[in-house]
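Let's go through this one by asking where the labels come from. Have a look at the picture before reading on.

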Amino acid sequence: MSDNDTDRDYCLVRTETPPKADGPPYAACVLCQEPTEYPETYKGITLCPTCEWREAERTACSG
């Protein structure tokens, strides 16, 4: 096994997140419609803290 094989990241999880909002208005979570920590003007998928946690659990590597 080469050094490159040991350094390979097998659990690739998207780590980019929208910038945190300084205050209201907040974007709605795309799953549950609860307010998120992100600005309403952000273009893209936004999740509330609870749904972010559940998504991280669902996509976590098991092994």
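Here is the yardstick to start with: buried means under 20% relative accessible area, exposed over 50%, and partly exposed in between (1.4 Å probe, protein chains only). This is a predicted model, in which local features need pLDDT of at least 70 and side-chain atom pairs count only at pLDDT 80 or more, while totals for chains, interfaces and linings use all residues. Residues are numbered from 1 along each chain as its sequence is written, and side-chain values use heavy atoms, with hydrogens and water left out.

Q: Why is Val-30 called partly exposed?
A: Val-30 has a relative accessible area of 43%, and partly exposed covers values between 20% and 50%, so the label fits Val-30.

Q: What makes Ile-45 exposed?
A: The relative accessible area of Ile-45 is 60%. The label needs over 50%, so Ile-45 counts as exposed.

Q: And why does Thr-36 count as buried?
A: Thr-36 comes out at 5% relative accessibility. Buried means under 20%, so Thr-36 gets that label. Across the protein's 63 residues, 19% count as buried.

Q: Which secondary structure pattern does the protein follow?
A: Along the sequence you get α-β-β-α, with 2 helices and 2 strands in the protein. Helices (H or I, at least four residues) and strands (E, at least two) are DSSP runs, numbered from the N terminus.

Q: How do you know that β1 and β2 are paired?
A: Two strands pair if DSSP finds at least two bridges between them. Strand β1 (residues 26–28) is joined to β2 by 2 bridges, so the pair meets the rule. The two strands run antiparallel, and Ala-28 stands opposite Pro-35 in β2. Together β1 and β2 form a hairpin with 6 residues between them, and Gln-33 in the turn has a positive phi of about 70°. Val-30 lies in the loop between β1 and β2.

Q: What makes the link between Thr-36 and Ala-27 a polar contact?
A: Thr-36 sits in strand β2 (residues 35–39). A polar atom of its side chain lies 2.8 Å from the backbone oxygen of Ala-27. A polar contact is a pair of N or O atoms within 3.5 Å; within protein, one must be able to donate a hydrogen and the other to accept it, and residues adjacent in sequence count only if both atoms are side-chain atoms. The side chain of Thr-36 also reaches the backbone nitrogen of Tyr-38, at 3.1 Å.

Q: Which residues is Val-30 in contact with, leaving aside its neighbours within four places in sequence?
A: They are Ile-45, Thr-46 and Leu-47, where contact means heavy atoms within 4.5 Å.

Q: Why is the link between Arg-58 and Glu-55 called a salt bridge?
A: The closest N and O atoms of Arg-58 and Glu-55 are 2.7 Å apart. A salt bridge is a side-chain nitrogen of Lys or Arg within 4 Å of a carboxyl oxygen of Asp or Glu, so the pair qualifies. Side chains of opposite charge can pair when their charged atoms come close. Arg-58 and Glu-55 are 3 residues apart in helix α2, so about one helical turn separates them. At 61% relative accessibility Arg-58 is exposed, whereas Glu-55 is partly exposed at 29%. A search of the whole structure finds 1 salt bridge.
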